[in-house]
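Let us walk through this fold step by step. Start with the overall layout, then look at the packing and at a few single residues.

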Amino acid sequence: MGGPYPLDSIITGDVRQLAQAIPDASIDLIFTDPVYDRIEDYRWLAETAARVLKPDTACLAWYSTPLLFETMQALRESLTYRWQLIHYKPGRVKEKFGAAGYCKYEGLLWYDKGRLPRRKFMDVFQSMPFQSAIAMCINHEWAKDPDALAKVIGAFSHPGDVIFDPFTGGGTVPAVCKILERRYLAFEIDPATADKARARVADTLPLLDGPSNNGFHLTAAPVGLWDGEPESGAAAGEP
Ligand SMILES: C[S@@+](CC[C@H](N)C(=O)[O-])C[C@H]1O[C@@H](n2cnc3c(N)ncnc32)[C@H](O)[C@@H]1O
């Protein structure tokens, strides 16, 4: 499924070369956090997503607000724009974010390969106060809040799905995948960062009874994104 790469592993190296060995149409979801000012990496991400994603699946990527226009242009060369999701971060956040000093949100671009089945969704979601700032102190300079990622991964995938994170940094996507019983394929170019991410995932415990029978996905879903079952007959222009 992961080609030469065993599933549930964090591979050290340049994903732009290594991902060539990932089989076509083998991935259920891409969820990643590239280096924001490398627009060429978003272009590579979209091209790769168009190849490795299964039909009618999604590619989700965090972005930098000042570079939103360029980022969207790069992604839409190979994928179809679907929407933008906003993670509202209650509590104080690191000052270096945003001209205002205390930017309380971060945005996630949602592109489709084909078309993920349409469902009603909420495009703003919230996580526990202060978690983003804490994650950045503990896991990686640019670490994401695992609670926020759990909401997104819970909403966009099912247990057993394969999630590809090309730019994994501190390994937040792999750690959340382990908790939520998703499979993952992750890459990190910096060896020391990759080692730290692997150690973190090794220390991450899966939920006691699994997400499918302890109700976790039920608690995640309402704040997460879906509000109902898949719909048919979307009005033109609606996501
Ligand atoms: C913004 S950070 C990701 C942080 C992550 N969201 C977390 O929660 O820890 C992006 C990461 O991508 C890695 N990276 C950049 N270019 C890469 C490449 N070509 N291949 C693999 N990893 C790369 C960087 O070393 C960095 O750790």
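The protein chain holds eight helices and 10 strands. Keep in mind that this is a predicted model. Of its 239 residues, 40% count as buried. Now take the contacts between residues at least 6 apart in sequence: 73% of them join residues at least 24 apart.

Turn to the sheet. Eight strands form it, and it is open. Read across, the order is 1-9-8-2-3-5-4-7, with mixed pairing. Which strands stand at the edges? They are strand 1 (9-12) and strand 7 (124-126). Each has a single partner strand, so one side of each is left without a neighbour in the sheet. On average, neighbouring strands are turned by 20° against each other, direction ignored.

Strands of a sheet pair through backbone hydrogen bonds, in either a parallel or an antiparallel sense. Follow one such pair here. Strand 1 pairs with strand 9 (residues 183-188) in the parallel sense, over four bridges. Within strand 9, L185 is the bridge partner of S9.

Helices pack against these strands. Helix 2 (residues 39-52) packs on the sheet and touches four strands: strand 2 (27-32), strand 3 (53-62), strand 5 (105-113) and strand 8 (162-165). The direction of helix 2 makes about 160° with that of strand 3. Helix 7 (residues 191-203) lies across strand 1 and strand 9. Its direction runs at about 170° to strand 1.

Next comes a contact between two helices. Helix 5 (residues 146-156) and helix 6 (residues 172-180) pack with their axes 9 Å apart, at an angle of about 60°. That angle makes helix 5 oblique to helix 6. The crossing of the two is right-handed. Helix 5 contributes P146, L149, A150, I153 and G154 to the contact. Helix 6 contributes T172, V173, A175, V176, C177, I179 and L180. What is the makeup of this contact by class? It has 10 nonpolar residues, two polar ones and no charged ones.

Now zoom in on A58, in strand 3. Is A58 buried or exposed? It is buried, because 24 other C-beta atoms lie within 10 Å, and 20 are enough to count as buried. Leaving out residues up to four places away in sequence, A58 touches L29, W110, Y111, D112, L116 and F156. L29 is 29 residues from A58 in sequence. In space, the two are 5.5 Å apart, C-alpha to C-alpha.

Finish with the backbone. Most residues other than glycine have a negative phi. Two residues here deserve a look on that count. A25 is not a glycine, yet it has a positive phi of about 45°. A25 sits in the loop between helix 1 (15-18) and strand 2. With 11 other C-beta atoms within 10 Å, A25 is exposed. E181 is not a glycine either, and its phi is positive at about 60°. Where is E181 placed? E181 lies in the loop between helix 6 and strand 9. E181 has 17 C-beta neighbours inside 10 Å, so it counts as partly exposed.

Conventions. Residues numbered from 1 in each chain as written. Predicted model: local features only at pLDDT ≥ 70, side-chain atom pairs only at ≥ 80, totals over all residues. Buried ≥ 20, exposed ≤ 12 C-beta atoms within 10 Å, placed from the backbone. Contact = placed C-beta atoms within 7 Å. Axes fitted to C-alpha atoms, helices over the stretch in contact; angles between N-to-C directions. Parallel < 35°, antiparallel > 145°, perpendicular 65-115°, else oblique. Left-handed = near helix turned anticlockwise from the far one by under 90°. Nonpolar A, V, L, I, M, F, W, Y, C, P; charged D, E, K, R; others polar. Pairing = 2+ DSSP bridges.
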